[in-house]
Amino acid sequence: MGGLSMDQAFVQAPEHRPKPTVTEAIGIPLIDLTPLASGGAAAVDALAAEVGAASRDWGFFVVVGHGVPAGAVARATEAQRAFFALPAERKAAVRRSEAEPLGYYESEHTKNVRDWKEVYDLVPREPPPPAAVAGGELVFANKWPQDLPGFREALEEYVKAMEELAFKILELIARSLNLRPDRLHGFFRDQTTFIRLNHYPPCPSPDLALGVGRHKDAGALTILYQDDVGGLDVRRRSDGEWVRVKPVPNSFIINVGDVIQVWSNDRYESAEHRVSVNSARERFSMPYFFNPASYTMVEPVEELLSEEKPARYDAYNWGDFFSTRKNSNFKKLDVENIQIAHFKKSAAAPPRT
């Protein structure tokens with residue numbers, strides 16, 4: 001990919017191109033999860049309140065004191081760099097296809113514009129139940145690269161640590177909504193979670209392209225590891241401006257996804273974000289997409305509804321939604337890909353004056 005000239009497929013429409021300088025975000029919630037291991041009930045309640053406020057006001061937050069072993073992170077990032085350093089033909093040997101959406105890929109589209117990146121996707125559990133889609137089944141089987149010592153072991157260790165952290169965050173989100181702590185756990189019994197390794201090479205025209213175009217995450221939670229290069233931008237709620245999330249050592253960024261927005265009946269909102277690239281330094285990141293079982297019908301949680309607060313969404317099937325999104329990322333479509341807004345109930349007509 002590094003040898004590519006600036007193909008028009010990568011060029012963002014003028015209104016979506018990054019500005020030459022992006023303001024560093026101020027006030028992003030930084031939450032220390034240490035009390036989960038050592039604190040009593042009051043400390044955990046205080047943490048849940050912090051998570052709730054961050055999910056409501058920002059749609060994402062940064063966690064430290066998370067309990068993920070530093071060694072596991074170091075081994076996973078080493079494995080990631082080793083994979084992307086392979087010759088193109090070695091990476092192509094594990095290329096994904098439309099029917100087999102795991103493995104290597106270098107022409108992903110977000111909102112119908114090609115992203116300046118290469119990726120490798122895998123699932124933590126094999127084999128998850130196949131996802132039935134129109135025209136056949138998607139096969140979710142990992143394509144492990146050959147002759148890359150320690151690669152599989154490093155990533156299997158990392159995803160195990162990610163799952164532990166994901167359930168901790170999920171419990172805090174449930175508590176913050178005054179739900180039973182394990183209220184949301186059952187949706188993840190046959191989860192469709194996957195992890196992605198991202199590599200953003202230096203880009204000759206960082207003013208025209210994006211590593212990932214603007215989007216919201218479709219699943220429940222995303223846990224993101226990013227290196228020290230920086231490039232993650234989030235759209236600030238207060239004024240709609242894009243702001244840069246500064247990398248914090250030994251931290252993870254937690255994104256609230258669309259599924260939690262729907263479960264919370266819009267109490268929480270998923271954050272719109274993108275990745276900017278630069279002409280000097282390559283960047284690596286690893287998002288872990290924590291997703292429910294494919295048979296899940298996603299709808300607002302019953303306990304949060306009342307006459308005054310009716311459901312704002314119709315139920316939708318997660319497996320259908322996910323596979324439709326996967327296909328639209330795979331190729332350029334004539335229409336924008338599916339969004340949760342498509343399931344929003346139409347508001348009652350305003351009273352006539």
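Here are three short exercises on a sheet, one of its strands and a loop residue, each with a worked solution.

The model is predicted, so local features need pLDDT of at least 70 and side-chain atom pairs count only at pLDDT 80 or more, while totals for chains, interfaces and linings use all residues. Residues are numbered from 1 along each chain as its sequence is written, and side-chain values use heavy atoms, with hydrogens and water left out.

**Exercise 1. Trace the sheet and find its edges.**

Step 1: Line up the strands (DSSP runs of E, at least two residues, numbered from the N terminus). The order is β1-β2-β14-β11-β16-β9-β6-β3, an open sheet of 8 strands with mixed pairing; to pair, two strands need at least two DSSP bridges between them.

Step 2: Look at the ends. β1 (30–32) and β3 (103–105) each have a single partner strand, so one side of each has no neighbour in the sheet.

Step 3: Check the twist. On average, neighbouring strands are turned by 25 degrees against each other, direction ignored; the axes behind such angles are lines fitted to C-alpha atoms, for helices over the stretch in contact, and angles run from 0 to 180 degrees between N-to-C directions.

Step 4: Zoom in on the β3 end. β3 pairs antiparallel with β6 (residues 118–122) over 3 bridges, and Y104 has Y120 as its bridge partner there.

**Exercise 2. Work out how β14 sits among its neighbours.**

Step 1: Take the partners. β2 (residues 60–64) runs antiparallel to β14, with 4 bridges, and β11 (residues 221–226) is also antiparallel to β14, again through 4 bridges.

Step 2: Pick out I254. This residue is the bridge partner of F61 and also of I223.

Step 3: Sort the side chains. In a regular strand they alternate between the two faces of the sheet. Here F252, I254 and V256 point one way, I253 and N255 the other, and all are buried (under 20% relative accessible area; exposed is over 50%, partly exposed in between, with a 1.4 Å probe and protein chains only).

**Exercise 3. Describe the surroundings of T193.**

Step 1: Place T193. The residue is in the loop between α5 (151–176) and β9 (194–200), and counts as buried because its relative accessibility is 2%.

Step 2: Find the polar partner. The side chains of T193 and Q191 make a polar contact of 2.8 Å (N or O atoms within 3.5 Å; within protein, one able to donate a hydrogen and the other to accept it, and residues adjacent in sequence counting only if both atoms are side-chain atoms).
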